[in-house]
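Let's take a walk through this fold together, starting in the middle and working outwards. Keep the model open beside the text and turn it as you read.

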Amino acid sequence: MNLKRFFGDTILTTQVDAVLGWGRKYSLWPMPYGTACCAIEFMGTVSAAFDISRFGAEVVRFSPRQSDLLLVMGTINYKQAPVLKKIYEQMCEPKWVVAVGACAASGGFYNNYSVVQGIDEVIPVDVYVPGCPPRPEQIIDAVMKIQKKIDKGTLHVNP
Ligand code: SF4
């Protein structure tokens with residue numbers, strides 16, 4: 001049955017997935033996992049100058065159970081890797097991960113025995129942000145890329 005034909009513009013037809021995705025993409029709750037200098041850029045990102053609330057992602061949480069967007073910013077060493085993995089596992093589905101900066105994305109210039117050469121050795125990553133450090137606009141760009149992924153319905157499921 002063609003609902004549009006009978007009801008014209010008086011009703012809105014959509015899918016539950018589309019409505020949920022629309023709600024999710026404008027209500028991300030980020031958790032900053034900052035270990036080094038890149039985390040300072042996140043402070044700028046949530047400040048009035050760059051205002052991440054324009055993208056619905058200003059409700060910063062420091063509990064993985066209350067977050068759906070993990071932003072890893074800084075160097076991760078092998079001793080710390082199990083902690084990062086545990087935090088990721090404690091986040092509820094659906095959840096997304098951004099590797100912010102060269103260190104989180106690839107180990108950066110710390111190419112030695114103790115440093116994880118990219119957090120994707122430990123947890124799945126949705127978006128990589130280049131730079132040392134990246135500017136706040138790049139972090140906002142990563143949030144927008146996550147919003148596009150949510151639009152497409154791309155969800156991570158724990159292995
Ligand atoms: S990428 Fe550069 S700015 Fe970011 S944590 Fe590493 S050394 Fe610091």
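A good place to begin in this predicted model is strand E2, residues 69-73. Five of its five residues are buried, so E2 is largely enclosed by the rest of the structure. Look at how its side chains alternate: Leu-69, Leu-71 and Met-73 point one way, Leu-70 and Val-72 point the other way, and all are buried.

What lies alongside E2? Strand E1, residues 30-34, runs parallel to E2 and is joined to it by five bridges. If you want a landmark in that pairing, find Met-31, which stands opposite Leu-70 of E2. To get from E1 to E2 the chain passes through helix H3, residues 38-46, and this β-α-β crossover is left-handed.

E2 also pairs in the parallel sense with strand E3, residues 96-100, again over five bridges. Here Leu-71 has Val-98 of E3 as its bridge partner. The connection from E2 to E3 goes through helix H4, residues 81-90, and this β-α-β crossover is right-handed. So which hand does each crossover have? The one through H3 is left-handed, whereas the one through H4 is right-handed, and you may enjoy tracing both on the model.

Now step back to the whole chain. It holds six helices and four strands, and along the sequence they follow the pattern α-α-β-α-β-α-β-α-β-α. The C-alpha atoms fill a box of roughly 70 × 40 × 25 Å along the principal axes. Of the 159 residues, 39% count as buried. Among contacts between residues at least 6 apart in sequence, 78% join residues at least 24 apart.

Next, the interior. In soluble globular proteins, nonpolar side chains tend to be buried together. The largest nonpolar core here has 21 residues, and those touching the most other members are Leu-28, Leu-69, Leu-71, Met-73, Val-98, Val-143 and Ile-146. Two or more residues come from each of H3, E2, E3, strand E4 (127-129) and helix H6 (136-152), and H6 gives the largest share, six residues. The E2 residues Leu-69, Leu-71 and Met-73, which point one way from the strand, are among the core members just named. Leu-28 deserves a closer look: leaving aside residues up to four places away in sequence, its contacts include Leu-69, Trp-96, Val-143, Ile-146 and Ile-150.

A second, separate core has 19 residues, including Val-72, Leu-84, Val-116 and Ile-119. Val-72 points the other way from E2 than Leu-69, Leu-71 and Met-73 do.

Turn now to the ligand. Around it you will find Ala-36, Cys-37, Cys-38, Gly-74, Ala-102, Cys-103, Phe-109, Gly-131, Cys-132 and Pro-133. By class, this shell has eight nonpolar and two polar residues, and no charged ones.

Two members of that shell, Cys-132 and Pro-133, are joined by a cis peptide bond with omega about -5 degrees. Pro-133 sits in the loop between E4 and H6. Another cis bond runs from Glu-93 to Pro-94, with omega near -5 degrees, and Pro-94 lies in the loop between H4 and E3.

One more backbone detail closes the tour. Asp-51, in the loop between H3 and E2, has a phi near 55 degrees, a positive value in a residue other than glycine. Is Asp-51 buried or exposed? With a relative accessible area of 28%, Asp-51 is partly exposed.

Notes: Residues are numbered from 1 along each chain as its sequence is written. This is a predicted model: local features need pLDDT of at least 70, side-chain atom pairs count only at pLDDT 80 or more; totals for chains, interfaces and linings use all residues. Side-chain values use heavy atoms; hydrogens and water are left out. Buried means under 20% relative accessible area, exposed over 50%, partly exposed in between (1.4 Å probe, protein chains only). Two strands pair if DSSP finds at least two bridges between them. A crossover is right-handed if, with the strands pointing away from the viewer, the path from the first strand over the helix to the second runs clockwise. A residue is near a molecule or strand if one of its heavy atoms lies within 4 Å of it. Ala, Val, Leu, Ile, Met, Phe, Trp, Tyr, Cys and Pro count as nonpolar, Asp, Glu, Lys and Arg as charged, and the others, Gly among them, as polar. A nonpolar core is a set of buried Ala, Val, Leu, Ile, Met, Phe, Trp, Tyr and Cys residues joined through side-chain atoms within 4.5 Å. Contact means heavy atoms within 4.5 Å.
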